[in-house]
Amino acid sequence: MAAESTPEPGIPGGTGTPGEPGTNSLRPRAKGRRRKTRSTRRKALLITAWTAAGIVVLGGTGVGYLYFKLNGNIKSVDINQALGTDRPLDVDNGSEDILVLGSDTRSGDNKKLGGGTDDGSARSDTAMIVHVYEGHKKASVVSIPRDTLVDRPACTDTKGASHTAASGVMFNSAYSTGGAACAVKTVESMTDIRMDHYVEVDFTGFQKLIDDLGGVPITTTKNIKDADSHLNLKAGTHTLNGKQALGLVRTRHGVGDGSDLGRIQLQQAFIKALVNQVKDIGVLTSPKKLWDLADTATQAVTTDSDLGSVKDLASFANGLKSIGSSKMNMVTMPVTYDPADPNRVIVEKAKAQLVWDALKNDRAIPRAATKGTATGDAKGVVSAS
């Protein structure tokens, strides 16, 4: 069964602590060319795309103080400086690649949301490579399972600290070890694709974004109940508030086989529902809604330094706003269960290479790349209403 979220034919295409079970225990670099610089540099990310035009207006219509407040909200990290020149070169084909992470540190406001002990660390249990095709009309999204065993390269974090390489460790250990820079370094080592941008979404901010949107309509085909994620949904149609939406994208045990792969399937379905909702609400018709969304979105994200201002972030997001859910091909990185530990997965290297080659060449991801790979058991449980 392919690890896909029902891609359209022909379209190019949580939480937990490190070491917790990720799957059901019963289940058995050629460098590219430098990409041309675009005049406007491009899950808060998706919402920001639809508030971008309004943010720019705020900065130029006599209420500039609002613009500067938003500017002060944005946190950024200089990944380029941390990683230096030992990186894949950008391919000059007009596409862009963005690493999007969901950060779930248990400290501060996040502690109130549950999901683990506050041990002072941060985790990235949601990781997606978003490939925006030339013309910015279509995108492929490749989810990376947090439980994937990888060889983590040596890296230097954004504070200048060095971290040694490690073999056979969980993918999400890259972020908990060295933050954004080490996560990007690991992804680039796995894919030989340079990440043009980095966007990290804090899960407290994610919850508030959903509430500011007025909720997201979904339909479930099964009951979903998970005390750990504070989620209890009967089969049927719901408009999820922020707490419920956060519970849905975090749940591992509420539906399916309890694996991270199943959680990814739920996340992919929810993202499509979220995109539809953002396109439908017409944020530009309500100045207050626009301001609330812009304020929350800019507080919720951490970006690379190239997107570290409202102007740059708005220009970037504005280039994404025409990509609807029907133009998003969502897949999971090809993996198989680790025969030595069914709670972990390992990369199907030959099939994964088909994915990376497609993205590097700005082509559709072939169906063969995900055919027969390991998948969760939650496909079709959630859909947009």
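Which residue stands opposite Val331 in β15? Val142 does, and the two strands involved make a good way into this predicted model.

A word on the ground rules: this is a predicted model in which local features need pLDDT of at least 70 and side-chain atom pairs count only at pLDDT 80 or more, while totals for chains, interfaces and linings use all residues. Residues are numbered from 1 along each chain as its sequence is written, and side-chain values use heavy atoms, with hydrogens and water left out.

**The chain as a whole**

The protein chain holds 10 helices and 18 strands; these are DSSP runs numbered from the N terminus, with helices (H or I) of at least four residues and strands (E) of at least two. Of its 385 residues, 57% count as buried, where buried means under 20% relative accessible area, exposed over 50% and partly exposed in between (1.4 Å probe, protein chains only). The chain exposes about 15,100 Å², and carbon and sulfur atoms supply 51% of that area. Accessible areas come from the Shrake-Rupley method with a 1.4 Å probe, and for residues only the protein chains shown count as cover.

**Strand β15 and its partner**

Let's return to β15, which spans residues 328-332 and has 5 of its 5 residues buried. Strand β4 (residues 139-143) runs parallel to β15, joined to it by 5 bridges; two strands pair if DSSP finds at least two bridges between them. In a regular strand the side chains alternate between the two faces of the sheet. Here Met328, Met330 and Thr332 point one way, Asn329 and Val331 point the other way, and all are buried.

**A three-stranded open sheet**

Elsewhere, 3 strands form an open sheet with antiparallel pairing, in the order β13-β10-β18. At its edges lie β13 (236-240) and β18 (382-384), each pairing on one side only. From one strand to the next the twist averages 35°. Helix α6 (residues 242-250) packs on this sheet and touches β10, β13 and β18, its direction making about 115° with that of β13. Axes are lines fitted to C-alpha atoms, for helices over the stretch in contact, and angles run from 0 to 180 degrees between N-to-C directions. Strand β10 (residues 216-220) pairs with β18 over 3 bridges, and Thr220 has Val382 in β18 as its bridge partner.

Leu240 belongs to strand β13 and counts as buried because its relative accessibility is 0%. Beyond its neighbours within four places in sequence, Leu240 is in contact (heavy atoms within 4.5 Å) with Ile210, Gly215, Val216, Ile218, Leu233, Ala245, Leu248 and Phe270. Ile210 lies 30 residues away in sequence, with a C-alpha to C-alpha distance of 8.1 Å.

**The disulfide**

The model has 1 disulfide, defined as a pair of cysteine sulfur atoms within 2.5 Å. The sulfur atoms of Cys155 and Cys182 are 1.8 Å apart, and the link is right-handed, with 90° about the S-S bond. The pair links distant parts of the chain, 27 residues apart.

| Cysteine | Element | Relative accessible area |
|---|---|---|
| Cys155 | strand β6 (residues 155-156) | 8%, buried |
| Cys182 | helix α4 (residues 173-191) | 1%, buried |

**One face of helix α9**

Finally, helix α9 (residues 310-318) has Val310, Leu313, Ala314, Phe316 and Ala317 buried. Seen down the axis of α9, these buried residues fall within an arc of 160°, so they line one face of the helix; the arc is that of the directions from the helix axis to the C-beta atoms. An α-helix has 3.6 residues a turn, so residues three or four places apart point the same way.
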